[in-house]
Amino acid sequence: MSRVYACFKSIGAYAPKKILSNSDLEKMVETTNEWIVQRTGIKERRLASESEFTSDLGLKAAKTAIKRAGIKTSDVDAIICATLTPDFLCMPATACIIASKLGIKNVLAFDVSAACSGFVYILYLAKSLIESKLHKNILIIGAEKLSSVIDYTDRNTCILFGDGAGAAIISATENKNEAIMDIQISADGDYAHLLVAPRSRVMYPKDNRTLEYLQMAGNEVFKAAVKTLTTDVVEILQKNNIFSSQIDHFIPHQANLRIIEAVREKLNLPHDKTVLTVQKYGNTSAASIPMAMNDAYEEGRIKHSDLILLDTFGGGFTWGSALLRFGGK
Ligand code: UT7
């Protein structure tokens with residue numbers, strides 16, 4: 001029997017209409033447009049409306065991804081959603097809500113919690129499920145309503161994050177030239193306390209802090225992010241005998257322009273091959289990579305069989321990277 005590969009068949013995304021600009025934030029907390037742009041590269045971010053939930057954002061991205069894959073909704077045989085802001089804290093999973101809104105029944109649907117690394121984590125799962133021949137067309141979604149866990153009086157965090165969603169169809173193929181080549185993911189829970197979003201009032205056991213909103217030790221996360229994002233890429237490129245000059249598109253997690261630039265320079269990746277959306281969406285956690293990829297796709301930059309490198313880092317700590325040939329049109 002011939003070997004089956006996982007193909008990144010399509011990309012879609014949705015950004016809520018409402019824009020929260022740096023000048024809006026200047027009126028809310030003690031900050032300036034100059035500080036935000038200099039330290040993060042962010043100029044604006046999107047906010048979902050009160051009645052728009054993570055599943056609504058994910059649904060819109062999913063519809064675009066399904067359409068672009070050229071499949072019917074009924075062809076989707078698994079749905080996996082990565083989010084740190086699910087509609088409901090414990091259950092039902094946001095993936096189940098999206099499945100219902102799409103009219104898809106009787107297929108596997110569940111959420112994954114891996115913070116900003118969520119999209120690469122679910123890509124890894126989808127690849128494994130396709131290669132094991134258990135599924136043929138998997139809908140993966142990274143969706144976040146981060147505004148629901150942000151304290152808009154805390155200037156350390158409220159300037160960074162935004163809402164949005166991205167989705168992709170991962171399908172079975174026998175053509176190695178349009179396959180996801182390799183994905184590596186990992187985590188180190190010893191650093192869990194540095195980036196925490198409890199959503200409801202909980203006690204974080206390590207130092208007895210009572211938390212309600214997202215909190216981050218920005219500086220420590222920054223240093224760990226630059227180091228891990230770089231070593232992770234060096235490893236995956238070496239493992240697959242790929243030189244950075246062969247990469248057509250570098251799509252890193254969009255957390256901070258300074259982090260992206262530091263990693264890009266260390267890896268010797270050219271500026272024009274690096275996809276940047278942090279300036280307009282801020283950090284959208286699990287949605288950040290697919291939203292960036294969608295922008296590049298809609299600009300006509302990403303073509304069939306282009307070699308794409310994904311690289312991410314987030315709370316947990318979690319991290320991951322992926323090397324893939326784009327399988328869409
Ligand atoms: O997505 C998951 C991964 N997340 C990340 O990778 C984010 C990583 N961290 C970062 O991006 C950066 O650490 C931040 C953007 C959060 C902060 O930038 P920084 O260069 O690390 O600044 P800092 O935290 O060292 O703060 C420098 C100064 C401080 O004042 P003092 O102590 O020097 O007087 C802060 O109080 O900047 C102050 N500050 C601000 N000033 C104006 C902090 N936030 C603001 C603000 N506006 N919004």
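**A four-stranded sheet and the core beside it**

Let's start with the sheet. Four strands form an open sheet in the order 8-15-14-13, and the pairing is mixed. Bear in mind that this is a predicted model.

Now the edges. Strand 8 (180-187) and strand 13 (249-252) each have a single partner strand, so each has one side without a neighbour in the sheet. From one strand to the next, the twist averages 10 degrees.

In the middle, strand 14 and strand 15 run antiparallel, joined by eight bridges. Take one pair: L310 has A322 of strand 15 as its bridge partner.

What packs on the sheet? Helix 5, residues 118-131, does, and it touches strand 8, strand 14 and strand 15. Its direction makes about 125 degrees with that of strand 8. Helix 7 packs on the sheet as well, touching strand 8, strand 14 and strand 15. For helix 7, the angle is about 145 degrees, taken against strand 14.

Next, the largest nonpolar core. It has 38 residues. Which members touch the most others? They are I247, V263, L309, F313, F317 and L323. Two or more residues each come from helix 7 (218-239), helix 8 (257-267), strand 14 (307-314) and strand 15 (318-325). Helix 7 gives the largest share, eight residues.

Why does this core lie between the domains? Because domain 1 (5-175) and domain 2 (180-325) both contribute residues to it.

One residue to click on: L309. Beyond its neighbours within four places in sequence, L309 contacts V233, I236, I247, H249, F250, I251, L269, A322 and L323.

Last point. Another core, of 37 residues, lies apart from the largest one; its members include A78, L129, I130 and I251.

Definitions and conventions:
Residues are numbered from 1 along each chain as its sequence is written. This is a predicted model: local features need pLDDT of at least 70, side-chain atom pairs count only at pLDDT 80 or more; totals for chains, interfaces and linings use all residues. Side-chain values use heavy atoms; hydrogens and water are left out. A nonpolar core is a set of buried Ala, Val, Leu, Ile, Met, Phe, Trp, Tyr and Cys residues joined through side-chain atoms within 4.5 Å. Buried means under 20% relative accessible area, exposed over 50%, partly exposed in between (1.4 Å probe, protein chains only). Domain bounds come from an automatic or database domain assignment. Contact means heavy atoms within 4.5 Å. Two strands pair if DSSP finds at least two bridges between them. Axes are lines fitted to C-alpha atoms, for helices over the stretch in contact, and angles run from 0 to 180 degrees between N-to-C directions.
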